[in-house]
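User: Could you take a close look at one part of this model for me? I'd like a connected account rather than a list.

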Amino acid sequence: IPEQNYGGNVQISCLLPKSTATVSNELGAATGQSAEYLATDHKLTWNIKKFQGGTEATLKSRVTLSSPVTNSANVKKELGPVSLTFEIPMYNVSNLQVRYLRIAEKHKAYNPCRWVRYVTQSSSYVCRF
């Protein structure tokens, strides 16, 4: 993201193995972030309220499994994918701009405003291992 923009409501989630017993999280120095493990869904969720462009954020998680691992390949198959949702206000990736808009039918119930709001939203951003 360009440095003058920010990502809002950033949520990163990752599925963990079914044999996960506990998860301890260590967040970086940035403020406005939280991480939690949802045991019922076997999912680790990391939320960042506002992510400034040109910066980095870190999360270190220690996962403890309830049973010893006999085959690490099976545990790796249960891990992931990592999914990301975010919103970047006032940023347009395609640089498409609305220069002129004409409303053909005028209704008394509709009062148009004279501004355009550009928002970039993620719909399905997934990284598989």
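In which loop does Y110 lie?

Analyst: Happy to help! This is a predicted model, so to speak of local features we need pLDDT of at least 70, side-chain atom pairs count only at pLDDT 80 or more, and totals for chains, interfaces and linings use all residues. Residues are numbered from 1 along each chain as its sequence is written, and side-chain values use heavy atoms, leaving out hydrogens and water.

Y110 lies in the loop between β6 and β7 (119-121); strands are DSSP runs of E, at least two residues long, numbered from the N terminus. Y110 counts as exposed because its relative accessibility is 51% (exposed is over 50%, buried under 20%, partly exposed in between, with a 1.4 Å probe and protein chains only). Together with V98, L101, I103 and V116, Y110 makes a nonpolar surface patch of about 490 Å². Such patches take residues with over 30% relative accessible area and no salt bridge, joining nonpolar side chains (Val, Leu, Ile, Met, Phe, Trp, Tyr) within 5 Å; a salt bridge is a side-chain nitrogen of Lys or Arg within 4 Å of a carboxyl oxygen of Asp or Glu. Areas come from the Shrake-Rupley method with a 1.4 Å probe, and for residues only the protein chains shown count as cover.

Now for the strand before this loop. β6 (residues 82-89) runs antiparallel to β1, joined by five bridges; strands pair if DSSP finds at least two bridges between them. Here T85 in β6 stands opposite Q11. On β1 (residues 6-15) there are also nine bridges to β4 (residues 43-52), again antiparallel, and G7 has F51 in β4 as its bridge partner.

Definitions and conventions
Helix = DSSP H or I, 4+ residues; strand = E, 2+ residues; numbered from the N terminus. Patch = residues over 30% accessible without salt bridge, like charges linked within 9 Å, V, L, I, M, F, W, Y side chains within 5 Å.
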